[in-house]
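Welcome! Let us look together at one helix pair and at the empty spaces inside a protein model.

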Amino acid sequence: MTVESTAARKTTRRSSGTKRTAGASAAASAKKSQTSEPELVQLLTPEGERVQHPEYDIDLSADELRGLYRDMVLTRRFDAEATALQRQGELGLWASLLGQEAAQIGSGRALRDDDYVFPTYREHGVAWCRGVDPTNLLGMFRGVNHGGWDPNTNNFHLYTIVIGSQTLHATGYAMGVAKDGADSAVIAYFGDGASSQGDVAESFTFSAVYNAPVVFFCQNNQWAISEPTEKQTRVPLYQRAQGFGFPGVRVDGNDVLACLAVTRSALERARRGEGPTLVEAFTYRMGAHTTSDDPTKYRADEEREAWEAKDPILRLKTYLEREGHADAAFFEALETESETLGKRVREGVRSMPDPDHMAIFENVYADGHALVDEERAQFAAYQASFADGGAE
C-alpha cells in the first residue's frame, strides 16, 4: 500500500466522520424542533391573569367581557341539558362541546353578520353567536328534521356529519364571495381528526391557489374519537398551512380573549383579499366524542384533571372578579337565566312533533318522478297495513 493511498484513506475516513457528525447534528436539531413547544397566542392565563401579545391584543369593555362570559355559561348549560336529554332517551345522539366554549364563543363573536359559517356537528357555541335557537339544534339529533333552521337566515350552514367535507363547501363559497366582489369572509370549523382527511387538504390547495377569503378554524381537542393527536401528525397542525402557502397560528383554545383576537385578525385579513388563514385552537374535549363513546377506555383521568385546571369559564370568571367587572348579583342573575334556558330546551324537545313519514318523498326531483311515485305508493300501503292490522 502506498503512502498516497493511505493518506487518501485517512481523508475519506475524516470526511465520512464529518458527514456523520453533521448528519447527527441535523437530526438532533430536527428532533429539538419537533419537541420544542410551538408558540401559543394567549391573552388570559389559566389563573385569570391578563397578559399582552405584540400581534394580537384587544381592549374590551366590562360589558363585552361579561357578554363573553354569559355566552360561555349559557352554551355550557344548553350542552349539559342536551346530554341529559340523550341519556333520558329524548335524543338519539349528542356531541358535547364541554371544554371548547372559549374557542367557539371567541371565534363566533369575531364574525360579522354578513360572514358565513360552515360548522361540523359540535359548533353549538358558534350557533348561539349566530342567533340560532338552541332548540333548533336538537331536531336532527331527535330525528324529526334534517337541521331545523334556514342557513341563509343566520349565515350559519346546517351541521355537517361527514368529516371534513364542510371545508370544501366553505372554500367554494368563499371563492364565490370573491368573484361577487363582496368584502365578507367565510369560516370553516373542523377538528384535529378531520385535518387528516383528504377533503381538508384539497380545501387548503384550492383556497390558497384562488386566494379565497376563508378562515380554517381547527379545534384541536387532542382526540379524534380514540386517536390522540400525536398519532395523526408529526408537526403542530397550524404549521401545515406553510406547505400550502398561507399563514397558520396556534391560539390557546381555552382563552376566549385570544380566540376572539386571533379570529378577528384572520377574518380581516381575508376581507382585505389576502387569502386564507389556518387557526389552530389548542383546547381539550372534556367529555366523550359523542354520547355513544366511552373516553375512559382510552384516556387517563390525570389528563382530564390537568385540563380542568385550564377551564375557559373559570379563568374568565376569576379575571372578572379580580378586576371588579362583575359582582355577585351578575352571577346570580346568570344562574337564573341558565336554569330558565335549560327548562325551555327540555320542554321544547319533548314537545317536538313527529315528522310526516311521507315527507321523505317530497322534493326528491323538481318535477316529480315515476319511480318515486311508485315508492311513495308502496310505502303508504306499508304504513296503512299497521293501522289495519293486516301485516305480520
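Below come the helix pair, then the cavities.

This is a predicted model, in which local features need pLDDT of at least 70 and side-chain atom pairs count only at pLDDT 80 or more, while totals for chains, interfaces and linings use all residues. Residues are numbered from 1 along each chain as its sequence is written, and side-chain values use heavy atoms, leaving out hydrogens and water.

Helix H3 (residues 101-108) packs against helix H11 (residues 256-271) at an angle of about 40°, and their axes are 7 Å apart. That makes H3 oblique to H11 (neither under 35 degrees, over 145, nor 65 to 115). Helices here are DSSP runs of H or I with at least four residues. On the H3 side, Ala102, Ala103, Ile105, Gly106 and Ser107 make the contact, meeting Val256, Cys259, Leu260 and Thr263 of H11 (contact means heavy atoms within 4.5 Å). These residues divide into six nonpolar, three polar and no charged.

Now for the empty space. A cavity is a set of points on a 1 Å grid over the protein atoms alone where a 1.4 Å probe fits but cannot get out, and lining residues have an atom within 4 Å of a point. The whole structure holds two cavities of 30 Å³ or more.

| Cavity | Volume | Lining |
|---|---|---|
| Largest | about 60 Å³ | six nonpolar, one polar, one charged |
| Second largest | about 30 Å³ | four nonpolar, two polar, no charged |

Which residues line the largest cavity? They are Phe190, Ser195, Val200, Phe204, Cys218, Leu237, Arg240 and Leu278. Thr75, Phe78, His124, Trp128, Pro134 and Leu137 line the second largest cavity. Helix H2 (62-87), helix H4 (124-129) and helix H5 (134-137) each give two or more residues to that lining.

Notes
Axes fitted to C-alpha atoms, helices over the stretch in contact; angles between N-to-C directions. Nonpolar A, V, L, I, M, F, W, Y, C, P; charged D, E, K, R; others polar. 1 Å grid on protein atoms, 1.4 Å probe; cavity = no way out; pocket = protein on both sides within 12 Å on 5 of 7 lines; lining within 4 Å. Points joined across faces, edges and corners; volume = space filled by probe spheres on them.
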